[in-house]
Amino acid sequence: GKIRTRPERLFLYRLTEKLGFASPRHLLAELTSKEVAGWMAYYQVEAEIREREDAEQRVERRSRTARWK
């Protein structure tokens, strides 16, 4: 469906759920496009931070494993 091919729609559904709106239509009636763009930026930064933390944890685990060998 459209949700799989349009990541911005998936984002709107996730944000709708997170903020407790009944539907994306209700969300978009309340938030400005600038606010939605701000939430998109926030989620992007959060994803980048998680990726970096995950990579750091993998390196640390490999380091610990190498010390025990």
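**Figure 1. Phe11 and its aromatic partner Tyr43 in the predicted model.** Phe11 has a relative accessibility of 13% and is therefore classed as buried, the limit for that class being under 20%. In total, four aromatic pairs are counted in this predicted structure. One of them joins Phe11 to Tyr43 in an edge-to-face arrangement, with 5.6 Å from centre to centre and 80 degrees between the planes. Because Phe11 belongs to helix H2 (residues 7-19) and Tyr43 to helix H4, this pair ties together parts of the chain that lie 32 residues apart in sequence. In contrast to the buried Phe11, Tyr43 is partly exposed, its relative accessible area being 26%.

**Figure 2. The rings of Tyr42 and Tyr43.** The ring centres of Tyr42 and Tyr43 are 5.5 Å apart, and their planes meet at 85 degrees. The pair is edge-to-face because its interplanar angle of 85 degrees falls in the range over 60 degrees that defines this class. Tyr42 counts as partly exposed at 42% relative accessibility. Tyr43 is likewise assigned to the partly exposed class, with 26%.

**Figure 3. The aromatic cluster of Phe11, Trp39, Tyr42 and Tyr43.** These four residues, Phe11, Trp39, Tyr42 and Tyr43, make up one aromatic cluster. Within the cluster, Tyr43 is located in helix H4, while Phe11 is located in helix H2. Tyr43 also serves as a reference point for a backbone distance: its C-alpha atom is separated by 13 Å from that of Pro7, a residue 36 positions away along the chain.

**Figure 4. The salt bridge between Glu8 and Arg6.** How many salt bridges does the structure hold? The number is two, and one of them is formed by the side chains of Glu8 and Arg6, with an N to O distance of 3.0 Å. Side chains of opposite charge can pair when their charged atoms come close. Both partners are accessible in part: Glu8 has a relative accessible area of 34% and is partly exposed, and Arg6 is partly exposed with 35%.

**Figure 5. The salt bridge between Glu60 and Arg64 in helix H4.** The side chains of Glu60 and Arg64 meet at 3.3 Å, taken from N to O. About one helical turn separates the two residues, because they are four residues apart in helix H4. Glu60 is partly exposed with a relative accessible area of 45%. Arg64 falls into the partly exposed class as well, at 38% relative accessibility.

**Figure 6. The negative surface patch that includes Glu51.** Glu48, Glu51, Glu53, Asp54 and Glu56 form a negative patch on the surface. Glu51 is part of helix H4, which spans residues 33-68. With a relative accessibility of 55%, Glu51 counts as exposed, since that class begins over 50%.

**Figure 7. Glu17 of helix H2 and its separation from Arg67.** Is Glu17, a residue of helix H2, buried or exposed? Glu17 is exposed, with a relative accessible area of 68%. The C-alpha atom of Glu17 lies 45 Å from that of Arg67, and 50 residues separate the two along the chain.

Note on methods. Residues are numbered from 1 along each chain as its sequence is written. This is a predicted model: local features need pLDDT of at least 70, side-chain atom pairs count only at pLDDT 80 or more; totals for chains, interfaces and linings use all residues. Side-chain values use heavy atoms; hydrogens and water are left out. Patches are made of residues with over 30% relative accessible area and no salt bridge: like charges are joined within 9 Å, nonpolar side chains (Val, Leu, Ile, Met, Phe, Trp, Tyr) within 5 Å. Accessible areas come from the Shrake-Rupley method with a 1.4 Å probe; for residues, only the protein chains shown count as cover. A salt bridge is a side-chain nitrogen of Lys or Arg within 4 Å of a carboxyl oxygen of Asp or Glu. Lys and Arg count as positive and Asp and Glu as negative; His and the chain ends are not counted. The place of a charge is taken as NZ of Lys, CZ of Arg, CG of Asp or CD of Glu. Buried means under 20% relative accessible area, exposed over 50%, partly exposed in between (1.4 Å probe, protein chains only). Rings of Phe, Tyr and Trp (its six-membered ring) pair if their centres lie within 6.5 Å; planes under 30 degrees apart count as stacked, over 60 as edge-to-face and the rest as tilted.
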